[in-house]
Amino acid sequence: MEWPYASPRRFRMPPDHRPIAVAEYNFLDRPYANNPELARHKKVTSYGGNTFTRNWVVDEKEHPTTGTPYSWVRARVLGGKTNFWGRGALRYGPMQFGAASRDGYDVDWPITYEDVKPYYDKVDVLLGCSGTKENLEQVPDGIFQRPSKLNCVEVTFQRAIAKMGRRYIPGRAGVTTDGVLNNKYRTRCLGRGRCGRGCDIGAAFHSPTALIYPARDTGNLTIRPYSVVSEVFLDEATGRAGGVRVIDANTREVMDFKAKVVVLGAGCLDSTRILLHSKSARHPQGMGNSSGLLGGYLSEHVMGPRGSGFIPSRIGTEPTLDDGRPVTPYVPRFRNMADKHPDFIRGYHFQGGGGSYEYPGMAHDIPGFGKAFKSSVRKHYPALLSIGGFGEVLPRKENRVSLDAFVKDAWGIPVLRFDYRFGDNEIRMAKDMADSAEEMLRAAGAENIKIERDLLPPGWSIHEIGTARMGDDPKTSVTDRFCRLHDVPNVYLADAAPFVSGGTQNTTWSILALCWRTMDHLKEGLRKGEV
Ligand SMILES: Cc1cc2nc3c(=O)[nH]c(=O)nc-3n(C[C@H](O)[C@H](O)[C@H](O)COP(=O)(O)OP(=O)(O)OC[C@H]3O[C@@H](n4cnc5c(N)ncnc54)[C@H](O)[C@@H]3O)c2cc1C
Ligand code: SF4
């Protein structure tokens with residue numbers, strides 16, 4: 001509950017630690033931490049590093065990457081990135097699972113929304129999801145707990161864009177606002193707005209408090225931290241996976257953990273890396289890679305275009321406490337719904353809100369000094385509204401990761417080499433994102449409108465998906481419709497690697513729903529003796 005001024009470094013990392021800055025992704029050679037500008041720092045992290053996250057995000061010196069720029073945020077800790085995720089909890093719907101049938105690009109998922117819907121429902125109930133029923137085709141409703149409310153500037157914006165046929169709805173948060181049953185590690189949200197620091201009362205969904213500790217308490221789960229998986233090894237006699245090879249992160253001891261079934265959930269890109277590194281005579285290109293597609297179709301969301309302005313009806317009024325909620329509101333996708341945009345396929349959504357936040361960041365953009373400056377900051381403080389876009393990156397085979405032939409991480413495991421670029425569709429879509437942000441702010445009568453048109457670096461969305469895509473044909477996909485490798489039937493994936501395409505939605509709620517579906521399939525397979 002610390003105020004910004006009480007923090008010795010205003011939440012920045014210690015002086016000898018340094019996150020990579022946004023612009024640096026565009027010009028620093030890879031591996032980033034080798035650059036002289038960064039090499040002198042003791043620890044270098046992705047842009048995700050700050051006072052609160054610094055012990056979660058990895059040191060780029062230990063975990064380098066090569067190839068094209070990619071701002072890959074990783075957390076090698078229990079619970080991974082869910083410890084400090086943004087809590088935007090959105091479902092994919094029929095429009096996402098059947099995206100190719102709508103516009104002819106690429107392929108549909110082999111499964112439909114109806115296959116996954118029961119699992120989204122279970123996830124909502126077990127973990128808690130706050131939101132409002134809206135009956136929208138582009139982002140289905142869930143089983144919601146108490147929603148957050150729009151504040152004054154947001155209601156003005158909502159009314160203005162409603163006239164354009166666009167919606168502005170309370171954010172959907174992976175947070176329990178009414179409490180969940182049977183979990184002593186979690187408490188309902190108190191609306192303190194400190195979520196980015198990791199919610200210390202367990203209202204926000206974090207894997208440890210919501211899933212791992214309760215599982216451990218059953219006595220059926222052993223957790224072994226500091227265990228770096230380097231590969232899945234093959235049982236040559238059966239052609240099945242025999243278990244995982246592990247390097248102890250502290251002692252460097254190499255151990256084989258034998259298993260009947262291996263479930264990889266190291267995050268989309270690290271699971272892919274483990275499989276690429278799992279080479280054998282039978283799987284010379286890596287395990288599960290007979291199609292040659294493992295690592296391909298890397299996708300995420302293109303970000304950067306955004307806009308802000310001051311809503312006149314709130315200029316000069318009293319500030320209110322507007323950031324005491326776990327997520328900001330949401331403009332659901334409105335492009336390529338019933339209409340067809342001439343310049344691009346698929347779509348984007350906006351996240352963002354307004355009102356008085358703890359720190360009046362807009363003060364940096366207000367000219368002047370002294371008394372007049374302070375008065376202007378106070379006057380505009382309650383009136384700011386800002387939104388930023390998340391656009392679907394089309395899955396493309398050539399956007400891929402592979403193992404670097406030379407560079408290894410601190411444990412001697414080859415690192416990922418990125419070959420990833422935004423395409424023409426994303427660039428045209430991003431232009432429209434900026435244009436429509438401006439159009440909506442104008443419709444709301446905003447003053448002093450600022451529009452950012454530049455793209456953020458690849459990877460910025462932290463929504464990587466697709467590098468072991470699912471499908472029914474082993475020649476064109478890596479896993480089957482239950483996220484099981486076509487080539488090795490006792491290896492499953494429990495992250496976003498099997499996703500076929502991503503829509504505009506943030507990924508975590510879909511990872512959880514699909515994981516639950518996969519585990520049900522595995523459980524049934526084990527019961528029947530088929531796995
Ligand atoms: C700041 C931030 C904001 C975000 N906001 C949102 C949001 O609003 N909505 C949303 O849906 N998503 C959001 N995300 C993304 C979200 O955090 C991820 O989608 C989610 O955490 C992915 O879960 P995962 O289990 O697949 O991977 P991770 O959370 O990355 O977990 C992977 C785990 O695997 C472990 N691991 C990796 N490699 C190895 C190895 N070789 N051996 C052993 N263990 C290994 C790691 O230690 C980690 O525990 C955000 C992320 C960040 C960082
Ligand atoms: S607002 Fe965020 S930090 Fe505060 S209780 Fe709710 S989820 Fe936790």
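Strand β10 (residues 348-351) lines up against β11 in the antiparallel sense, with four bridges between them. This is a predicted model, so keep that in mind throughout. Within the β10 pairing, Y348 sits opposite G391 of β11. That glycine turns up again with β8: V302 has G391 of β11 as its bridge partner. Strand β8 (residues 301-310) runs antiparallel to β11, and eight bridges join the two.

How enclosed is β11? Seven of its nine residues are buried, so the rest of the structure largely encloses this strand.

Here are the strand pairings side by side, including one from another sheet that comes up next.

| Pair | Sense | Bridges | Bridge partners |
|---|---|---|---|
| β10 and β11 | antiparallel | four | Y348 and G391 |
| β8 and β11 | antiparallel | eight | V302 and G391 |
| β3 and β13 | parallel | two | T66 and R417 |

Now for that other sheet. It is open, has three strands in the order β3-β13-β12, and its pairing is mixed. On the edges are β3 (66-67) and β12 (400-408), each of which pairs on one side only. The parallel part is β3 with β13 (residues 414-419), held by two bridges. In one of the pairs, T66 has R417 of β13 as its bridge partner. As background, strands of a sheet pair through backbone hydrogen bonds, and the sense can be parallel or antiparallel.

Back to β11, this time from the helix side. Which residues of helix α6 (residues 152-162) are buried? They are V153, E154, F157, A160 and I161. These residues end up on the same side of α6 because they cover an arc of only 125° around the axis. The general helix rule fits in here: with 3.6 residues a turn, residues three or four places apart point the same way. What the buried residues of α6 pack against is β9 (330-331), β11 (384-392) and α10 (424-443).

F157 also matters for the next topic, the nonpolar cores. The largest core has 82 residues, and F157, V232 and W509 touch the most other members. Helix α5 (residues 113-127) gives the most to this core, contributing six residues. Besides that core there is a second, separate one of 16 residues, with I20, Y32, A75 and L456 among them.

W509 deserves a closer look. If you set aside its neighbours within four places in sequence, its contacts are W85, A89, L90, Y120, V123, D124, L127, G128, C129, G174 and F205.

Note on methods
Residues numbered from 1 in each chain as written. Chains lettered and ligands numbered in written order. Predicted model: local features only at pLDDT ≥ 70, side-chain atom pairs only at ≥ 80, totals over all residues. Heavy atoms only, no water. Pairing = 2+ DSSP bridges. Buried < 20%, exposed > 50% of the residue type's maximum accessible area, 1.4 Å probe, protein only. Arc of directions from axis to C-beta. Contact = heavy atoms within 4.5 Å. Core = buried A, V, L, I, M, F, W, Y, C linked by side-chain atoms within 4.5 Å.
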